[in-house]
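Here are some exercises to work through with the model open on your screen. Try each task before you read its solution.

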Amino acid sequence: VQLQASGGGLVQAGGSLRLSCAASGSILRINTMGWYRQTPGSQRDLVAIITSGGTINYSNSVKGRFTISMDNAKNTVHLQMNSLKPEDTGVYYCYAVVQVNYGLDYRAYWGQGTQVTVSS
């Protein structure tokens, strides 16, 4: 299973970016997809996750500004980031919980990370 993320970049505070992540490979079902953020010297923290059933969880710091969505048919997750702040800066990692075949457990997979930099 591979997760390919795109859409990071440099933006001024108040601006917007849209991250996308496509899962590919041997996939039977995806239970959850989402995004985590990591800054130097810090752990990887949840930004937003969404289940295939549509349940969503946001970090308190992004509620009202970020919107996560999932295209189940395309195994893709998007993160629309509006009203960006300098503290949103970090490497954003795509995350997916995937079952690759019948009878096998779901496993977590990570993408390669995409840099988001918000200048003040």
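**Exercise 1. A charge over rings**

Which residue lies over the face of tyrosine 93, and at what distance from the ring centre?

Solution. Keep in mind that this is a predicted model.
- Step 1: look above the ring of tyrosine 93, where you'll find arginine 44, at 3.6 Å from the ring centre.
- Step 2: now follow the charged end of arginine 44 to tryptophan 110; this end sits over the tryptophan ring too, 4.7 Å from its centre.
- Step 3: check the cut-off, which for CZ of Arg is within 6 Å of the ring centre. The 3.6 Å for tyrosine 93 fits that, and so does the 4.7 Å for tryptophan 110, because the limit is 6 Å.

**Exercise 2. The aromatic cluster**

Work out which residues form one aromatic cluster, and how their rings are arranged.

Solution.
- Step 1: count the aromatic pairs, and you get 3. One of them joins tyrosine 36 and tryptophan 110, with 5.1 Å centre to centre and 70° between the planes. Planes over 60 degrees apart count as edge-to-face, so this pair is edge-to-face.
- Step 2: place the two partners. Tyrosine 36 belongs to strand β4 (residues 29-38) and tryptophan 110 to strand β10 (residues 107-110), so their pairing ties together parts that are 74 residues apart in sequence.
- Step 3: take the pair of tyrosine 95 and tryptophan 110, at 4.9 Å centre to centre with 55° between the planes; this one is tilted. Tyrosine 95 is in strand β9 (residues 90-99) and tryptophan 110 in strand β10, so here the parts tied together are 15 residues apart in sequence.
- Step 4: put it together: Tyr36, Tyr95 and Trp110 make up one aromatic cluster.

**Exercise 3. Buried or not?**

Sort the three cluster members by burial: which are buried, partly exposed or exposed?

Solution.
- Step 1: recall that buried means under 20% relative accessible area and exposed means over 50%.
- Step 2: tyrosine 36 has 17%, so it's buried. Tyrosine 95, at 16%, is buried as well.
- Step 3: tryptophan 110 comes out at 38%, so it's partly exposed.

**Exercise 4. The fold and its core**

Describe the chain as a whole, then find which residues have the most contacts inside its largest nonpolar core.

Solution.
- Step 1: list the secondary structure. The chain has 11 strands and 0 helices.
- Step 2: compare its radius of gyration, 14 Å, with the 14 Å from the globule rule for 120 residues; the two are close, so the chain is as compact as a globular protein of that length. The C-alpha trace spans about 50 × 25 × 20 Å along its principal axes.
- Step 3: check burial, which covers 40% of the 120 residues.
- Step 4: go inside. The largest nonpolar core holds 29 residues, and Met33, Trp35, Leu79, Met81 and Tyr92 have the most contacts within it. Strands that each supply at least two of the core residues include β1 (2-6), β3 (17-24) and β11 (114-119).
- Step 5: zoom in on methionine 81. Beyond its neighbours within four places in sequence, methionine 81 is in contact with several residues, among them Leu17, Phe66, Tyr92 and Val116.

**Exercise 5. Positive phi in loops**

Which residues have a positive phi although they aren't glycine?

Solution.
- Step 1: start from the background: most residues other than glycine have a negative phi.
- Step 2: asparagine 75 goes against that, with a positive phi of about 50°. You'll find asparagine 75 in the loop between β7 and β8, partly exposed at 21% relative accessible area.
- Step 3: serine 83 is another case, with phi near 50°. Serine 83 sits in the loop between β8 and β9 and is partly exposed, at 42%.

**Exercise 6. One loop residue**

Where is aspartate 105, and is it buried or exposed?

Solution.
- Step 1: look in the loop between β9 and β10; that's the place of aspartate 105.
- Step 2: with 67% relative accessibility, aspartate 105 counts as exposed.
- Step 3: check its contacts. Leaving out residues up to four places away in sequence, aspartate 105 touches Val98 and Gln99.
- Step 4: step back to isoleucine 68, which is 37 residues from aspartate 105 along the chain; their C-alpha atoms are separated by 25 Å.

Terms used:
Residues numbered from 1 in each chain as written. Predicted model: local features only at pLDDT ≥ 70, side-chain atom pairs only at ≥ 80, totals over all residues. Heavy atoms only, no water. Phe/Tyr/Trp six-rings, centres within 6.5 Å; stacked < 30°, edge-to-face > 60°. Helix = DSSP H or I, 4+ residues; strand = E, 2+ residues; numbered from the N terminus. Buried < 20%, exposed > 50% of the residue type's maximum accessible area, 1.4 Å probe, protein only. Lys NZ or Arg CZ within 6 Å of the ring centre and 35° of its normal. Rg over C-alpha atoms; globule rule 2.2 N^0.38 Å. Contact = heavy atoms within 4.5 Å. Core = buried A, V, L, I, M, F, W, Y, C linked by side-chain atoms within 4.5 Å.
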